[in-house]
Amino acid sequence: ESWPNINNKAESELLSTLKALKDAPADKANLQILELEKQHGFRRGWVWRELGKAPLAVASEHLSLLAILTQRPLAAPSVEEFGELYAREGWEVDFTALKALGSTASAEEAEAICTAVRSIYLPWLDETARNFQSLCQGKPASIHPKLDPIEAKDSRVILFVDGLRMDIGQETARKLIAGGFDVKSAWDLAPFPT
């Protein structure tokens, strides 16, 4: 069998398996996605990736990281510690989900990736949000700004992103730092909704 046919068959099998995760519980979907990465990850080293013919093999890298990151929801003993945890590592879950969703071009591939992301990401989001809501309801007085006002001045850029886009803000900071810029990131609580 020719290499193009082998790759096409593997992509087709991966597509079917990802679509089949539609009604899978998160723990089973996590295990399945991690297994798919073992089966298909090596194909990212094939020439077919460079030719754009292995988009699901590319997506499996992001999906497997998402499966690892979503194995436990965010939880903390206080609102402030929860915010610190999200700013330190929780945003990476959101960013990884975006990378997985953005790794395919066709509608059918996007549908399969959305199905896989939904199966593991939504339960994590739901439980994480419930943990945060519980903290807010239990100690409403703990919900207050922690930072002093920030003033604009020469050579200072202030970028505001709400909590739902902390991932974009953190990735922007990473890129600026890599470009040699001095970047200071901070988070604060804001009134609901932002």
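At 43% relative accessibility, R174 is classed as partly exposed in this predicted model. The side chain of R174 forms a salt bridge with that of E171, with a nitrogen-to-oxygen distance of 3.7 Å. Both residues belong to helix α7, which spans residues 166-178, and they are three residues apart, or about one turn of the helix. E171, in contrast to its partner, counts as buried, because its relative accessibility of 16% falls under the 20% limit. The bridge thus joins a partly exposed arginine to a buried glutamate.

The overall architecture is helical. The protein chain contains seven helices and zero strands, and its order along the sequence reads α-α-α-α-α-α-α. Taken along the principal axes, the box filled by the C-alpha atoms is roughly 65 × 40 × 25 Å. Of the 194 residues in the chain, 36% are buried.

The packing of helix α5 (residues 79-101) was examined against two other helices, α4 and α6. Helix α4, comprising residues 55-69, has an axis that comes within 8 Å of that of α5, and the two axes cross at roughly 155 degrees. Because this angle is over 145 degrees, α4 and α5 are roughly antiparallel to each other. The crossing in which α4 passes α5 is left-handed. For α5 and helix α6 (residues 107-138), the axes come within 11 Å and the crossing angle is roughly 165 degrees. This angle likewise makes α5 roughly antiparallel to α6. The passage of α5 across α6 is also a left-handed crossing.

Salt bridges number ten under the criterion applied. One of them pairs R44 with E61, whose closest N and O atoms are 3.6 Å apart. This pair links distant parts of the chain, with R44 placed in the loop between α2 (26-40) and α3 (47-50) and E61 in helix α4, 17 residues apart. R44 counts as buried because its relative accessibility is 15%, whereas E61, with a relative accessible area of 36%, is partly exposed. The contact extends beyond these two residues: E37, R44 and E61 are linked in a network of salt bridges.

A further salt bridge connects the side chains of E89 and R72, at an N-to-O distance of 3.6 Å. Here too, distant parts of the chain are linked, since E89 lies in helix α5 and R72 in the loop between α4 and α5, with their positions 17 residues apart in the numbering. E89 is partly exposed, as its relative accessible area is 29%. R72 is classed as exposed because its relative accessibility of 58% is over the 50% limit.

Helix α5 also contributes to a feature of the surface. L101 is found in this helix, which covers residues 79-101, and together with L98 and I168 it makes a nonpolar surface patch of about 220 Å². The relative accessible area of L101 is 35%, so that this leucine is partly exposed. Helix α5 is therefore represented in several of the features described: the roughly antiparallel arrangement with α4, the salt bridge through E89, and the nonpolar patch, of which L101 is one of the residues.

Definitions and conventions. Residues are numbered from 1 along each chain as its sequence is written. This is a predicted model: local features need pLDDT of at least 70, side-chain atom pairs count only at pLDDT 80 or more; totals for chains, interfaces and linings use all residues. Side-chain values use heavy atoms; hydrogens and water are left out. Patches are made of residues with over 30% relative accessible area and no salt bridge: like charges are joined within 9 Å, nonpolar side chains (Val, Leu, Ile, Met, Phe, Trp, Tyr) within 5 Å. Accessible areas come from the Shrake-Rupley method with a 1.4 Å probe; for residues, only the protein chains shown count as cover. A salt bridge is a side-chain nitrogen of Lys or Arg within 4 Å of a carboxyl oxygen of Asp or Glu. Helices (H or I, at least four residues) and strands (E, at least two) are DSSP runs, numbered from the N terminus. Buried means under 20% relative accessible area, exposed over 50%, partly exposed in between (1.4 Å probe, protein chains only). Axes are lines fitted to C-alpha atoms, for helices over the stretch in contact, and angles run from 0 to 180 degrees between N-to-C directions. Angles under 35 degrees count as roughly parallel, over 145 as roughly antiparallel, 65 to 115 as roughly perpendicular and the rest as oblique. A crossing is left-handed if the near helix is turned anticlockwise from the far one by less than a right angle, and right-handed if clockwise.
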